[in-house]
Amino acid sequence: MLLTRKSTSVSAAPSRLTRNVAGMLGKTIDRRTFLQRSGITLGAGALATQLPFNIVQKAEAAQDAGGKIEVKRTVCTHCSVGCAVDAVVQNGVWIRQEPVFDSPINLGAYCTKGAAIRDHGSTHDSHRLKSPMKLAGGKWQKISWDQALKEVSEKLLAIRKESGPDATYWIGSSKHSNENSYLLRKFVSMFGTNNTDHQARICHSTTVAGVANTWGYGAMTNSYNDEQNSKCILFFGSNAAEAHPVSMLHTLHAKENGAKVIVVDPRFTRTAARADTYYRIRSGTDIAFLWGMLYHIFKNGWEDKDYIKARVYGMDKAKNKPSTIVWAMGQTQHTNGTAIVRASCILQLALGNVGVSGGGTNIYRGHDNVQGATDIGPNPDSLPGYYGIPTGSWKYWSGVWGVDYEWLKGRFASQAMMEKPGFTVSRWIDGVLEKNELIDQDSNLRAVIFWGHSPNSQTRGKEMVEAMKKLDLLVVIDPVPTATAAMAAMVRQDGVYLLPAATNYESSGSATASNRSIQWRENREVRLRQGIRGEDQADEGQGRHARARQRGRPARGQPRRVDHRLHGSIARAAASAHAQHACV
């Protein structure tokens, strides 16, 4: 059926829309054409009548602000892969970024999280702490740095005098650089306590215990790049495609070289989608699965007899060699996590896959410097470089720090406490709430300092709030107000301090990735907004880094090393830790 228009006349003072439609319509149209034109033309015409044509202008590029442009190399903080990023800074503003194409780790790529790291450097209209804060009368009030440092230090010294140094607890961070981690452990030692810990306790303490008890050093044995030499890669407790996306570049490279990728997981993950073979197991059957594999390996004679005879102790008794096993918190977050880790290590020993290229146990950790902070940082049961805390270790580090051993011993409540491990980060709550006769130190904890750590990843939240309520002093040092501050403010009226801190992108230091590669993170030398960092301090910081460059900092493209000007002993500690692994 056709629709014929009888007349083109319109009412007086026709609207612009009516005139436009009348001009576009023909004398005779079919139903389909009518519906098409009425939907498109009428809609467009109606929109056009409402457009504010007087403010629509031609799009033009913004004028260049001018000024010096610098490129600062940094390391992404989202996970432990260690992707290098070049930050472009103009007039103190981080204006853009590029992945580093000559990085052997990320090979010029990064994931969506890494692509957004510039947001971490923002201070305008953000949740960044811009000045110290104090909880007084149940309300947060802004105070000066002088007042904050004076009050916090006086309270800490008073607690130390009244109840001893072990009445304090210092929580470090896997986000700290190697230098920060090392200096915090040194500071706590000088304060006279071993009550210190950091995030690694929560995520991979079972890895450290399981791997170290198997061959002496609890860390990833090979590198990401070395995966290309593997013939078989087993993901057992790791969803790298989501948790460590860039690491999958090396896995897929290995797959292109012919490696078989196997995923064992209760869930069909994105990593499983890229695998050649996927096995679904029930949660909690990890050890049974691994022992089952070992049963068939020995039954079929696939074990490496020569390797076992030469390098494995305690095992009386392959195909696709070398092969590697990858795990993350899918193994460690179990009540028997250490046993699962040991079973994984024994599997690799039986196959002769440890200490060879393309083999090993590749343990994907979480934070950008969780490995470095564990190597030389605030651990309650060891000094930097995995030295324990017996007399000999303390004498060694007294010499490194240039202090008398007897003086350092005098800082502790006793020699027994000096050589006794402190509370772990998951048990400091008991140090506050338990009866004094039930804890192994003279006094309960009265002060806790959270430095780059938030407890919302831990359990026992209700008890933690009660512990915070009972403390005499709680100090939170972080770029933003964390869950710690929120939890404390729920139950306290005073005694809580928030101290602003710089992000990793605003400070220099080295970071150790999951595969134990050390990279230097350059300070982007951005003059932050007033309140976070004063103008004089920014100028002083810029001058300090200029002097560092004059002293011969490695040029771009050269390997970044630990800054030996800060503490030569940091390098010794790191070398000691890695030398222990080299002996495996």
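These are my notebook entries on a handful of spots I looked up in this predicted model.

**Entry: helix 5**

I began with helix 5, which runs over residues 178–191 and has 14 residues. I checked its span: the helix reaches 20 Å from its first C-alpha to its last, close to the 20 Å expected at 1.5 Å a residue. Next I asked how many of the residues of helix 5 are buried. The count is 11 of the 14, so helix 5 is largely enclosed by the rest of the structure. I noted the names too: Asn-178, Glu-179, Ser-181, Tyr-182, Leu-184, Arg-185, Lys-186, Val-188, Ser-189, Met-190 and Phe-191 are the buried ones. My reminder to self on reading such a list: an α-helix has 3.6 residues a turn, so residues three or four places apart point the same way. Just after helix 5 I landed on Gly-192, which takes a positive phi of about 105°.

**Entry: His-198**

Further along the chain I stopped at His-198, in the loop between strand 9 (196–197) and helix 6 (200–203). Is His-198 buried or exposed? His-198 has a relative accessible area of 0%, so I put it down as buried. Then I looked for side-chain partners. One polar contact, of 3.1 Å, joins the His-198 side chain to that of Ser-174. Another, of 3.2 Å, links the side chains of His-198 and Asn-379. Leaving out residues up to four places away in sequence, I found His-198 touching Gly-172, Ser-173, Ser-174, Val-370, Ala-373, Thr-374, Pro-378, Asn-379 and Val-425. Both polar partners, Ser-174 and Asn-379, are in that contact list.

**Entry: Ser-514**

Ser-514 sits in the loop between strand 18 (509–512) and strand 19 (518–521). Ser-514 is buried, at 0% relative accessible area. What does its side chain meet? I found the backbone oxygen of Ile-363 at 2.7 Å from a polar atom of the Ser-514 side chain. The backbone nitrogen of Arg-365 lies 3.1 Å from a polar atom of that side chain. Apart from residues up to four places away in sequence, Ser-514 touches Ser-80, Met-220, Tyr-224, Ile-363, Tyr-364, Arg-365 and Gln-371.

**Entry: Asp-304**

I put Asp-304 in the loop between helix 11 (286–299) and helix 12 (305–311). With a relative accessible area of 19%, Asp-304 is buried, the cut-off being under 20%. Which backbone nitrogen lies 2.9 Å from a polar atom of the Asp-304 side chain? I traced that one to Tyr-307. The backbone nitrogen of Asp-306 also turned up, 3.4 Å from a polar atom of the Asp-304 side chain.

**Entry: positive phi outside glycine**

I wrote down two residues here. Tyr-386 has a positive phi of about 65° although it is not a glycine. Tyr-386 is in the loop between helix 15 (370–376) and helix 16 (391–401), and at 23% relative accessible area it is partly exposed. Arg-460 is also not a glycine, yet has a positive phi of about 60°. I found Arg-460 in the loop between strand 15 (447–451) and helix 20 (461–470); its relative accessible area is 27%, so it counts as partly exposed.

**Entry: Gly-422 and Trp-145**

Gly-422 lies in the loop between helix 18 (415–418) and helix 19 (428–433). At 18% relative accessibility, Gly-422 counts as buried. Beyond its neighbours within four places in sequence, Gly-422 is in contact with Asn-194, Asn-195 and Pro-380. I also checked Gly-422 against Asp-440: they are 18 residues apart along the chain, with 9.2 Å between their C-alpha atoms.

Trp-145 belongs to helix 4 (residues 145–163). Trp-145 is partly exposed, with a relative accessible area of 32%. Between the C-alpha atoms of Trp-145 and Met-133, 12 residues apart along the chain, I noted 9.3 Å.

**Entry: the largest cavity**

Last, I went looking for internal space. The largest cavity has a volume of about 90 Å³. Of the 13 residues that line the largest cavity, Cys-76, Cys-79, Cys-83, Cys-111 and Val-246 are the closest to its centre. How many lining residues of the largest cavity are nonpolar, polar and charged? I logged 8 nonpolar, 4 polar and 1 charged.

Definitions and conventions: Residues numbered from 1 in each chain as written. Predicted model: local features only at pLDDT ≥ 70, side-chain atom pairs only at ≥ 80, totals over all residues. Heavy atoms only, no water. Helix = DSSP H or I, 4+ residues; strand = E, 2+ residues; numbered from the N terminus. Expected span 1.5 Å × (residues − 1). Buried < 20%, exposed > 50% of the residue type's maximum accessible area, 1.4 Å probe, protein only. Polar contact = N/O pair within 3.5 Å; in protein donor to acceptor, adjacent residues only side chain to side chain. Contact = heavy atoms within 4.5 Å. 1 Å grid on protein atoms, 1.4 Å probe; cavity = no way out; pocket = protein on both sides within 12 Å on 5 of 7 lines; lining within 4 Å. Points joined across faces, edges and corners; volume = space filled by probe spheres on them. Nonpolar A, V, L, I, M, F, W, Y, C, P; charged D, E, K, R; others polar.
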